[in-house]
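Student: I have this structure open and want a quick tour. Can you walk me through what matters for reading the fold?
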Amino acid sequence: MFTPMAPAAAPRLAEIGSRSTPLFSDSQRFEHLDELLAAGPFDAVILDGTGEYTSTLLYSLRKHASYRLKLIYASSTDPRAQALADGPAPAARAVIDQQYQQWQQRHELFNRGRAPEGIDAQLLAYLWLRAPGKLLAVRDARSPQHHVYPLLDAMADGPVNGQVWIANLTQRNLIQSTELIDRIRLCKQCGSGHLNYIDVCVECNCLDIQRQPSMHCFTCGHIGPQGEFLKDGALLCPNCLTRLRHIGTDYDRPLENYHCNGCKAFFVDADVEARCLDCGTHHQPDELLMREIHHYQLSENALLVARQGLEEARHEYFSRLAMVGMNTFKTLLNWQIELIQRHKAPSFVLLGMRFRNLGSTLERLGPQRGHALLDSLIERIQEVIRDTDRCTRTSEEHLWLLLMHTDQVGLRLVTERLNRISELFRGQRPARHPAAHHRLHRAP
Ligand SMILES: [Zn+2]
Ligand SMILES: [Zn+2]
Ligand SMILES: [Zn+2]
(Lines give C-alpha, C1' and ligand atoms only; values in the text may rest on other atoms or scores of the structure.)
(Ligands and ions follow the chains in the order given, each with its own letter.)
Protein backbone atom coordinates (compact mmCIF):
# COMPACT_ATOMS: atom_id res chain seq x y z
CA MET A 1 0.00 0.00 0.00
CA PHE A 2 2.81 2.39 0.77
CA THR A 3 5.28 1.50 -1.97
CA PRO A 4 6.64 4.50 -3.87
CA MET A 5 4.76 5.06 -7.06
CA ALA A 6 5.91 6.24 -10.44
CA PRO A 7 5.45 10.01 -10.38
CA ALA A 8 3.14 12.02 -12.58
CA ALA A 9 1.00 9.11 -13.74
CA ALA A 10 -2.54 10.30 -14.31
CA PRO A 11 -4.86 8.97 -11.62
CA ARG A 12 -7.27 6.19 -12.56
CA LEU A 13 -10.68 7.67 -11.95
CA ALA A 14 -13.89 5.92 -11.00
CA GLU A 15 -17.35 7.40 -10.70
CA ILE A 16 -20.37 6.08 -8.86
CA GLY A 17 -23.81 7.46 -9.43
CA SER A 18 -26.86 7.50 -11.59
CA ARG A 19 -25.61 9.92 -14.25
CA SER A 20 -25.66 8.17 -17.65
CA THR A 21 -22.43 9.64 -18.97
CA PRO A 22 -19.27 9.97 -16.87
CA LEU A 23 -18.04 13.38 -15.79
CA PHE A 24 -14.65 12.76 -17.39
CA SER A 25 -14.20 10.80 -20.61
CA ASP A 26 -11.46 8.54 -19.23
CA SER A 27 -13.10 7.64 -15.95
CA GLN A 28 -14.93 4.38 -15.35
CA ARG A 29 -18.51 4.57 -14.36
CA PHE A 30 -20.25 2.27 -11.85
CA GLU A 31 -23.75 2.16 -10.56
CA HIS A 32 -22.99 0.35 -7.32
CA LEU A 33 -20.17 0.14 -4.84
CA ASP A 34 -19.76 -3.63 -5.31
CA GLU A 35 -18.99 -3.16 -8.99
CA LEU A 36 -16.37 -0.58 -8.19
CA LEU A 37 -14.71 -2.77 -5.58
CA ALA A 38 -14.71 -5.73 -7.97
CA ALA A 39 -13.06 -3.69 -10.71
CA GLY A 40 -9.88 -3.20 -8.68
CA PRO A 41 -8.40 -0.19 -6.96
CA PHE A 42 -8.72 3.26 -8.47
CA ASP A 43 -6.70 6.31 -7.48
CA ALA A 44 -9.63 8.64 -7.02
CA VAL A 45 -13.39 8.27 -6.86
CA ILE A 46 -16.17 10.70 -7.66
CA LEU A 47 -19.62 10.26 -6.13
CA ASP A 48 -22.28 12.27 -7.92
CA GLY A 49 -25.23 11.53 -5.69
CA THR A 50 -26.56 13.66 -2.88
CA GLY A 51 -28.32 12.92 0.36
CA GLU A 52 -27.83 10.22 2.90
CA TYR A 53 -26.98 7.47 0.41
CA THR A 54 -23.80 9.30 -0.61
CA SER A 55 -22.77 9.56 3.03
CA THR A 56 -23.29 5.82 3.43
CA LEU A 57 -21.20 5.14 0.32
CA LEU A 58 -18.45 7.41 1.58
CA TYR A 59 -18.49 5.71 4.93
CA SER A 60 -18.13 2.28 3.28
CA LEU A 61 -15.26 3.52 1.13
CA ARG A 62 -13.42 5.04 4.09
CA LYS A 63 -13.85 1.74 5.92
CA HIS A 64 -12.36 -0.15 2.98
CA ALA A 65 -8.60 -0.65 3.16
CA SER A 66 -8.12 0.31 -0.51
CA TYR A 67 -10.04 3.59 -0.29
CA ARG A 68 -9.48 4.67 3.29
CA LEU A 69 -6.92 7.34 2.39
CA LYS A 70 -7.74 7.95 -1.28
CA LEU A 71 -9.12 11.10 -2.83
CA ILE A 72 -12.90 10.81 -2.90
CA TYR A 73 -14.96 13.68 -4.23
CA ALA A 74 -18.61 14.16 -3.41
CA SER A 75 -20.86 17.12 -4.09
CA SER A 76 -23.30 16.21 -1.34
CA THR A 77 -24.03 18.95 1.17
CA ASP A 78 -24.80 16.45 3.91
CA PRO A 79 -22.45 17.31 6.83
CA ARG A 80 -21.46 13.65 7.17
CA ALA A 81 -20.45 13.55 3.53
CA GLN A 82 -18.46 16.73 3.97
CA ALA A 83 -16.64 15.23 6.92
CA LEU A 84 -15.58 12.22 4.84
CA ALA A 85 -15.02 13.59 1.33
CA ASP A 86 -12.44 15.79 -0.36
CA GLY A 87 -15.07 18.30 -1.43
CA PRO A 88 -16.96 18.38 -4.72
CA ALA A 89 -15.19 17.08 -7.81
CA PRO A 90 -13.20 19.82 -9.53
CA ALA A 91 -14.59 20.74 -12.94
CA ALA A 92 -11.19 20.43 -14.62
CA ARG A 93 -9.42 17.13 -14.91
CA ALA A 94 -6.09 18.96 -14.57
CA VAL A 95 -7.03 20.00 -11.03
CA ILE A 96 -7.68 16.40 -10.04
CA ASP A 97 -4.34 15.39 -11.58
CA GLN A 98 -2.57 18.06 -9.60
CA GLN A 99 -4.32 17.15 -6.33
CA TYR A 100 -3.46 13.53 -6.94
CA GLN A 101 0.19 14.39 -7.55
CA GLN A 102 0.35 16.26 -4.27
CA TRP A 103 -1.36 13.35 -2.55
CA GLN A 104 1.27 10.98 -4.02
CA GLN A 105 4.19 13.14 -2.92
CA ARG A 106 2.90 13.32 0.61
CA HIS A 107 2.18 9.63 0.55
CA GLU A 108 5.86 8.96 -0.12
CA LEU A 109 7.02 11.35 2.59
CA PHE A 110 4.76 10.05 5.32
CA ASN A 111 6.45 8.27 8.21
CA ARG A 112 9.67 7.88 6.18
CA GLY A 113 7.91 5.66 3.72
CA ARG A 114 6.55 3.23 6.30
CA ALA A 115 2.91 2.25 6.17
CA PRO A 116 0.75 3.66 8.93
CA GLU A 117 0.00 0.93 11.44
CA GLY A 118 -2.89 1.23 13.80
CA ILE A 119 -5.77 3.64 13.74
CA ASP A 120 -3.87 6.64 15.13
CA ALA A 121 -1.30 6.43 12.37
CA GLN A 122 -3.97 5.93 9.72
CA LEU A 123 -5.85 8.94 10.90
CA LEU A 124 -2.64 10.99 10.90
CA ALA A 125 -1.87 9.70 7.40
CA TYR A 126 -5.34 10.68 6.22
CA LEU A 127 -4.96 14.22 7.57
CA TRP A 128 -1.35 14.49 6.39
CA LEU A 129 -2.32 13.60 2.81
CA ARG A 130 -4.61 16.63 2.99
CA ALA A 131 -2.46 18.61 5.42
CA PRO A 132 -3.46 20.15 7.67
CA GLY A 133 -6.64 18.21 6.94
CA LYS A 134 -10.02 18.46 8.57
CA LEU A 135 -11.45 16.36 11.37
CA LEU A 136 -15.01 17.62 11.50
CA ALA A 137 -17.63 17.14 14.19
CA VAL A 138 -21.17 16.59 12.98
CA ARG A 139 -24.29 17.17 15.03
CA ASP A 140 -26.17 13.95 15.68
CA ALA A 141 -29.17 13.85 17.99
CA ARG A 142 -28.97 10.05 18.19
CA SER A 143 -25.52 10.16 19.74
CA PRO A 144 -25.49 10.41 23.56
CA GLN A 145 -23.01 13.27 23.21
CA HIS A 146 -24.97 15.00 20.41
CA HIS A 147 -21.97 15.04 18.07
CA VAL A 148 -20.00 12.47 16.13
CA TYR A 149 -16.78 12.51 14.16
CA PRO A 150 -17.66 10.46 11.06
CA LEU A 151 -13.99 10.17 10.09
CA LEU A 152 -13.08 8.59 13.43
CA ASP A 153 -16.01 6.19 13.18
CA ALA A 154 -14.94 5.16 9.69
CA MET A 155 -11.26 4.76 10.63
CA ALA A 156 -11.89 2.72 13.75
CA ASP A 157 -12.16 -1.06 13.66
CA GLY A 158 -15.11 -1.14 16.00
CA PRO A 159 -17.19 1.27 18.04
CA VAL A 160 -15.03 4.04 19.51
CA ASN A 161 -15.51 6.83 21.98
CA GLY A 162 -14.65 9.74 19.70
CA GLN A 163 -14.23 12.18 22.60
CA VAL A 164 -11.70 9.97 24.34
CA TRP A 165 -9.76 9.43 21.14
CA ILE A 166 -9.75 13.15 20.44
CA ALA A 167 -8.61 13.95 23.97
CA ASN A 168 -5.75 11.50 23.57
CA LEU A 169 -4.65 12.95 20.23
CA THR A 170 -4.86 16.48 21.60
CA GLN A 171 -2.89 15.56 24.66
CA ARG A 172 -0.17 14.12 22.47
CA ASN A 173 -0.22 17.38 20.53
CA LEU A 174 -1.09 15.66 17.25
CA ILE A 175 -4.24 17.60 16.45
CA GLN A 176 -5.33 21.11 17.28
CA SER A 177 -8.76 22.65 17.30
CA THR A 178 -9.70 25.01 14.52
CA GLU A 179 -13.14 26.01 15.66
CA LEU A 180 -15.29 25.68 18.73
CA ILE A 181 -18.69 24.56 17.52
CA ASP A 182 -20.57 23.67 20.67
CA ARG A 183 -20.44 23.36 24.42
CA ILE A 184 -22.41 20.50 25.89
CA ARG A 185 -23.21 19.22 29.36
CA LEU A 186 -23.21 15.57 30.24
CA CYS A 187 -24.44 13.34 33.01
CA LYS A 188 -21.65 12.84 35.56
CA GLN A 189 -22.79 9.27 36.07
CA CYS A 190 -23.11 7.85 32.57
CA GLY A 191 -21.79 10.61 30.28
CA SER A 192 -25.04 11.00 28.40
CA GLY A 193 -26.09 14.37 27.06
CA HIS A 194 -29.78 13.47 27.09
CA LEU A 195 -30.78 15.65 29.98
CA ASN A 196 -34.02 17.16 31.11
CA TYR A 197 -33.84 20.46 32.97
CA ILE A 198 -36.71 20.95 35.38
CA ASP A 199 -37.82 23.52 37.93
CA VAL A 200 -38.12 22.16 41.45
CA CYS A 201 -39.01 23.47 44.90
CA VAL A 202 -36.11 25.23 46.63
CA GLU A 203 -37.07 23.70 49.98
CA CYS A 204 -37.90 20.06 49.25
CA ASN A 205 -36.75 19.57 45.61
CA CYS A 206 -40.29 18.54 44.79
CA LEU A 207 -41.32 18.63 41.14
CA ASP A 208 -44.90 19.67 41.90
CA ILE A 209 -44.64 23.45 41.96
CA GLN A 210 -46.70 26.13 40.31
CA ARG A 211 -46.61 29.81 39.74
CA GLN A 212 -49.10 31.56 41.96
CA PRO A 213 -50.00 35.22 42.28
CA SER A 214 -49.36 36.29 45.86
CA MET A 215 -50.06 39.31 48.08
CA HIS A 216 -48.34 41.14 50.87
CA CYS A 217 -50.31 42.88 53.59
CA PHE A 218 -48.69 46.18 54.68
CA THR A 219 -50.46 46.21 58.01
CA CYS A 220 -49.09 42.95 59.41
CA GLY A 221 -46.54 41.92 56.80
CA HIS A 222 -48.25 38.65 55.97
CA ILE A 223 -47.41 37.13 52.59
CA GLY A 224 -49.58 34.46 51.03
CA PRO A 225 -51.26 33.25 47.87
CA GLN A 226 -53.84 35.64 46.45
CA GLY A 227 -56.58 33.10 46.97
CA GLU A 228 -56.22 33.37 50.75
CA PHE A 229 -56.88 37.13 50.59
CA LEU A 230 -60.09 36.93 48.60
CA LYS A 231 -63.21 36.90 50.67
CA ASP A 232 -66.69 37.56 49.26
CA GLY A 233 -65.22 39.44 46.34
CA ALA A 234 -63.15 41.80 48.52
CA LEU A 235 -59.53 41.64 49.60
CA LEU A 236 -59.01 40.84 53.27
CA CYS A 237 -55.79 39.89 55.02
CA PRO A 238 -56.30 36.37 56.38
CA ASN A 239 -53.87 37.15 59.22
CA CYS A 240 -54.92 40.56 60.61
CA LEU A 241 -58.29 40.77 58.84
CA THR A 242 -57.56 44.30 57.53
CA ARG A 243 -59.48 45.25 54.43
CA LEU A 244 -57.02 45.90 51.63
CA ARG A 245 -58.20 48.53 49.16
CA HIS A 246 -55.29 50.20 47.44
CA ILE A 247 -52.27 48.55 45.97
CA GLY A 248 -49.15 50.41 47.06
CA THR A 249 -50.85 51.77 50.18
CA ASP A 250 -52.50 48.74 51.77
CA TYR A 251 -50.76 45.90 50.03
CA ASP A 252 -48.50 44.96 47.13
CA ARG A 253 -47.64 41.96 45.03
CA PRO A 254 -44.25 40.68 46.12
CA LEU A 255 -41.85 38.64 44.05
CA GLU A 256 -42.64 35.40 45.85
CA ASN A 257 -44.53 33.70 43.11
CA TYR A 258 -43.92 29.98 43.18
CA HIS A 259 -45.85 27.66 45.40
CA CYS A 260 -44.86 24.10 46.25
CA ASN A 261 -47.74 21.69 46.43
CA GLY A 262 -45.56 19.31 48.45
CA CYS A 263 -44.23 21.44 51.32
CA LYS A 264 -46.35 24.59 50.71
CA ALA A 265 -43.24 26.80 50.45
CA PHE A 266 -43.31 30.12 48.60
CA PHE A 267 -40.26 31.23 46.65
CA VAL A 268 -39.11 33.63 43.94
CA ASP A 269 -37.02 31.45 41.66
CA ALA A 270 -37.33 27.71 41.43
CA ASP A 271 -34.18 25.61 41.59
CA VAL A 272 -33.17 23.94 38.37
CA GLU A 273 -32.28 20.30 38.37
CA ALA A 274 -30.81 18.34 35.48
CA ARG A 275 -32.11 14.81 35.27
CA CYS A 276 -30.43 12.27 33.03
CA LEU A 277 -32.90 10.66 30.65
CA ASP A 278 -30.61 7.67 30.26
CA CYS A 279 -29.70 6.70 33.83
CA GLY A 280 -32.01 8.88 35.91
CA THR A 281 -29.29 10.64 37.95
CA HIS A 282 -30.32 14.03 39.37
CA HIS A 283 -27.76 16.85 39.22
CA GLN A 284 -27.38 20.44 40.19
CA PRO A 285 -26.58 22.09 36.85
CA ASP A 286 -23.03 22.91 38.01
CA GLU A 287 -22.36 19.24 38.72
CA LEU A 288 -22.73 18.29 35.07
CA LEU A 289 -19.62 17.50 33.06
CA MET A 290 -18.87 20.16 30.51
CA ARG A 291 -17.39 19.33 27.11
CA GLU A 292 -16.42 21.55 24.25
CA ILE A 293 -16.92 20.25 20.75
CA HIS A 294 -14.36 21.41 18.20
CA HIS A 295 -13.34 20.84 14.63
CA TYR A 296 -9.70 19.79 14.38
CA GLN A 297 -6.76 19.70 12.04
CA LEU A 298 -3.20 18.39 12.30
CA SER A 299 -1.07 20.34 14.75
CA GLU A 300 2.20 21.90 13.65
CA ASN A 301 3.91 19.26 15.70
CA ALA A 302 2.07 16.51 13.83
CA LEU A 303 3.16 17.96 10.49
CA LEU A 304 6.71 17.45 11.66
CA VAL A 305 5.99 14.05 13.16
CA ALA A 306 4.38 12.83 9.92
CA ARG A 307 7.67 13.45 8.11
CA GLN A 308 10.12 12.58 10.87
CA GLY A 309 8.50 9.25 11.51
CA LEU A 310 6.05 8.27 14.18
CA GLU A 311 8.47 6.11 16.18
CA GLU A 312 11.11 8.81 16.63
CA ALA A 313 8.46 11.24 17.60
CA ARG A 314 7.23 9.15 20.45
CA HIS A 315 10.60 9.19 22.16
CA GLU A 316 12.01 12.58 21.41
CA TYR A 317 9.54 15.15 20.47
CA PHE A 318 6.84 14.64 23.04
CA SER A 319 9.14 14.46 25.99
CA ARG A 320 10.87 17.66 25.01
CA LEU A 321 10.21 20.41 27.46
CA ALA A 322 7.10 18.65 28.71
CA MET A 323 5.41 20.29 25.77
CA VAL A 324 1.67 19.78 25.66
CA GLY A 325 -1.07 20.87 23.30
CA MET A 326 -2.73 24.19 23.96
CA ASN A 327 -6.02 22.63 25.01
CA THR A 328 -4.27 20.38 27.51
CA PHE A 329 -2.34 23.35 28.79
CA LYS A 330 -5.57 25.30 29.27
CA THR A 331 -7.10 22.36 31.10
CA LEU A 332 -4.10 22.18 33.42
CA LEU A 333 -4.26 25.91 33.98
CA ASN A 334 -7.98 25.78 34.77
CA TRP A 335 -7.32 22.90 37.11
CA GLN A 336 -4.73 24.94 39.02
CA ILE A 337 -6.99 27.97 39.17
CA GLU A 338 -9.82 25.85 40.55
CA LEU A 339 -7.49 24.38 43.17
CA ILE A 340 -6.46 27.87 44.21
CA GLN A 341 -10.05 29.01 44.41
CA ARG A 342 -11.05 26.08 46.54
CA HIS A 343 -8.01 25.49 48.73
CA LYS A 344 -6.06 28.76 48.43
CA ALA A 345 -3.08 26.62 47.49
CA PRO A 346 -0.77 25.60 45.90
CA SER A 347 0.56 28.74 44.27
CA PHE A 348 1.80 28.42 40.72
CA VAL A 349 3.21 30.66 38.04
CA LEU A 350 2.08 31.27 34.51
CA LEU A 351 5.05 32.57 32.59
CA GLY A 352 4.80 33.85 29.03
CA MET A 353 7.94 34.10 26.92
CA ARG A 354 8.18 35.80 23.60
CA PHE A 355 11.04 35.22 21.22
CA ARG A 356 11.03 38.55 19.49
CA ASN A 357 12.09 38.62 15.83
CA LEU A 358 12.38 34.85 15.83
CA GLY A 359 11.19 34.64 12.24
CA SER A 360 13.75 37.12 10.95
CA THR A 361 16.52 35.54 13.04
CA LEU A 362 15.79 32.13 11.58
CA GLU A 363 15.76 33.70 8.16
CA ARG A 364 19.10 35.39 8.73
CA LEU A 365 20.83 32.33 10.17
CA GLY A 366 19.32 29.93 7.67
CA PRO A 367 17.08 27.05 8.64
CA GLN A 368 19.82 24.77 9.89
CA ARG A 369 21.69 27.17 12.17
CA GLY A 370 18.47 28.83 13.15
CA HIS A 371 16.87 25.63 14.35
CA ALA A 372 20.09 24.55 16.05
CA LEU A 373 19.98 27.80 17.98
CA LEU A 374 16.36 27.26 18.86
CA ASP A 375 17.12 23.69 19.93
CA SER A 376 19.88 24.74 22.30
CA LEU A 377 17.69 27.52 23.65
CA ILE A 378 14.86 25.09 24.39
CA GLU A 379 17.35 22.67 25.92
CA ARG A 380 18.49 25.36 28.31
CA ILE A 381 14.97 26.31 29.24
CA GLN A 382 14.37 22.64 29.89
CA GLU A 383 17.20 22.65 32.40
CA VAL A 384 15.61 25.52 34.28
CA ILE A 385 12.18 24.00 34.69
CA ARG A 386 11.18 20.81 36.46
CA ASP A 387 9.49 17.59 35.40
CA THR A 388 6.16 18.67 36.77
CA ASP A 389 6.13 21.95 34.84
CA ARG A 390 4.35 22.16 31.51
CA CYS A 391 4.81 24.28 28.41
CA THR A 392 2.82 25.07 25.35
CA ARG A 393 3.43 27.17 22.27
CA THR A 394 0.64 29.34 20.97
CA SER A 395 2.71 30.47 17.99
CA GLU A 396 6.29 30.13 16.85
CA GLU A 397 7.32 33.05 19.05
CA HIS A 398 5.19 32.50 22.13
CA LEU A 399 6.08 29.95 24.75
CA TRP A 400 3.97 29.56 27.90
CA LEU A 401 5.28 27.88 31.02
CA LEU A 402 3.08 26.58 33.79
CA LEU A 403 5.34 26.28 36.83
CA MET A 404 3.71 24.19 39.53
CA HIS A 405 4.22 24.79 43.24
CA THR A 406 6.11 27.99 42.61
CA ASP A 407 5.88 31.14 44.68
CA GLN A 408 7.28 34.62 44.28
CA VAL A 409 10.77 33.54 45.36
CA GLY A 410 10.71 30.60 42.96
CA LEU A 411 9.54 32.86 40.17
CA ARG A 412 12.43 35.25 40.78
CA LEU A 413 14.92 32.36 40.56
CA VAL A 414 13.41 31.06 37.33
CA THR A 415 13.32 34.45 35.66
CA GLU A 416 16.91 35.12 36.68
CA ARG A 417 18.00 31.87 35.11
CA LEU A 418 15.96 32.48 31.98
CA ASN A 419 17.47 35.93 31.68
CA ARG A 420 20.94 34.40 32.00
CA ILE A 421 20.12 32.15 29.04
CA SER A 422 19.12 35.22 27.16
CA GLU A 423 22.54 36.75 28.02
CA LEU A 424 24.31 33.69 26.63
CA PHE A 425 22.84 34.29 23.23
CA ARG A 426 23.25 38.01 23.16
CA GLY A 427 26.64 37.71 21.45
CA GLN A 428 25.11 35.85 18.57
CA ARG A 429 22.34 38.40 18.37
CA PRO A 430 19.60 35.85 17.99
CA ALA A 431 16.90 38.21 19.05
CA ARG A 432 14.96 36.51 21.78
CA HIS A 433 13.97 37.78 25.13
CA PRO A 434 12.72 35.27 27.56
CA ALA A 435 10.58 36.53 30.35
CA ALA A 436 9.43 39.46 28.32
CA HIS A 437 6.28 39.39 30.35
CA HIS A 438 5.20 37.22 33.18
CA ARG A 439 2.40 37.07 35.64
CA LEU A 440 2.23 35.56 39.06
CA HIS A 441 -0.75 33.61 40.26
CA ARG A 442 -0.85 33.20 43.97
CA ALA A 443 -3.32 32.48 46.60
CA PRO A 444 -5.18 35.70 47.24
ZN1 LIG B 1 -52.37 41.56 57.51
ZN1 LIG C 1 -41.50 21.85 48.53
ZN1 LIG D 1 -26.87 9.40 33.15
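Tutor: Start with the contacts. In the protein chain, 68% of the contacts between residues at least 6 apart in sequence join residues at least 24 apart. Keep in mind that this is a predicted model.

Student: How many helices and strands does the protein chain have?
Tutor: There are 13 helices and 23 strands.

Student: And what share of the residues counts as buried?
Tutor: 29% of the 444 residues in the protein chain.

Student: OK, sheets. What is the strand order in the open sheet of four strands?
Tutor: The order is β2-β1-β3-β4, and the pairing is parallel. From one strand to the next, the twist averages 20°.

Student: Which are the edge strands there?
Tutor: β2 (28–30) and β4 (71–74). Each of them pairs on one side only.

Student: Let's look at β1. How many bridges does β1 make with β2, and how many with β3?
Tutor: Strand β1 (residues 13–16) pairs with β2 over three bridges, in the parallel sense. With strand β3 (residues 44–47), β1 has four bridges, and those two run parallel as well.

Student: Which residues stand opposite Ala 14 and Ile 16 in β2?
Tutor: Ala 14 faces Gln 28. Ile 16 faces Phe 30. On the β3 side, Ile 16 has Leu 47 as its bridge partner.

Student: Are the residues on the faces of β1 buried or exposed?
Tutor: Buried, on both faces. Leu 13 and Glu 15 are on one side, Ala 14 and Ile 16 on the other.

Student: Now the hydrophobic part. How many residues are in the largest nonpolar core?
Tutor: It has 54 residues. Val 45, Leu 47, Leu 58 and Ile 72 have the most contacts inside this core. Helix α5 (residues 118–128) gives the most to the core, with six residues.

Student: Which domains does this core draw on?
Tutor: Domain 1 (1–115) and domain 2 (117–183 + 290–313). Each supplies at least three residues.

Student: Why would nonpolar residues gather like that?
Tutor: As a general tendency, nonpolar side chains in soluble globular proteins are buried together.

Student: Back to Ile 72. What is Ile 72 in contact with, leaving aside neighbours within four places in sequence?
Tutor: Val 45, Leu 47, Leu 58, Leu 61, Tyr 67, Ala 85 and Asp 86.
There is also another core of 16 residues, apart from the largest one. Among its members are Val 324, Leu 401, Leu 403 and Leu 418.

Student: Switching to helices. What span should helix α4 have, and how far apart are its end C-alpha atoms?
Tutor: Helix α4 (residues 93–109) has 17 residues, so at 1.5 Å a residue it should span 24 Å. Its end C-alpha atoms are 25 Å apart, which agrees. α4 is followed by Asn 111, which has a positive phi near 50°.

Student: Last one. What is the pairing in the sheet β11-β10-β14?
Tutor: Antiparallel, in an open sheet of three strands. β11 (223–225) and β14 (251–252) stand at the edges with a single partner strand each, so one side of each has no neighbour in the sheet.

Student: What joins β10 to β11?
Tutor: Three bridges join strand β10 (residues 214–217) to β11. Met 215 in this stretch stands opposite Gly 224 in β11.

Methods. Residues are numbered from 1 along each chain as its sequence is written. Chains are lettered from A and ligands numbered from 1 in the order in which they are written. This is a predicted model: local features need pLDDT of at least 70, side-chain atom pairs count only at pLDDT 80 or more; totals for chains, interfaces and linings use all residues. Two strands pair if DSSP finds at least two bridges between them. Axes are lines fitted to C-alpha atoms, for helices over the stretch in contact, and angles run from 0 to 180 degrees between N-to-C directions. A nonpolar core is a set of buried Ala, Val, Leu, Ile, Met, Phe, Trp, Tyr and Cys residues joined through C-beta atoms within 7 Å. A residue is buried if 20 or more other C-beta atoms lie within 10 Å of its own, exposed if 12 or fewer, and partly exposed in between; C-beta atoms are placed from the backbone. Domain bounds come from an automatic or database domain assignment. Two residues are in contact if their C-beta atoms, placed from the backbone, lie within 7 Å. The expected span of a helix is 1.5 Å times one less than its number of residues.
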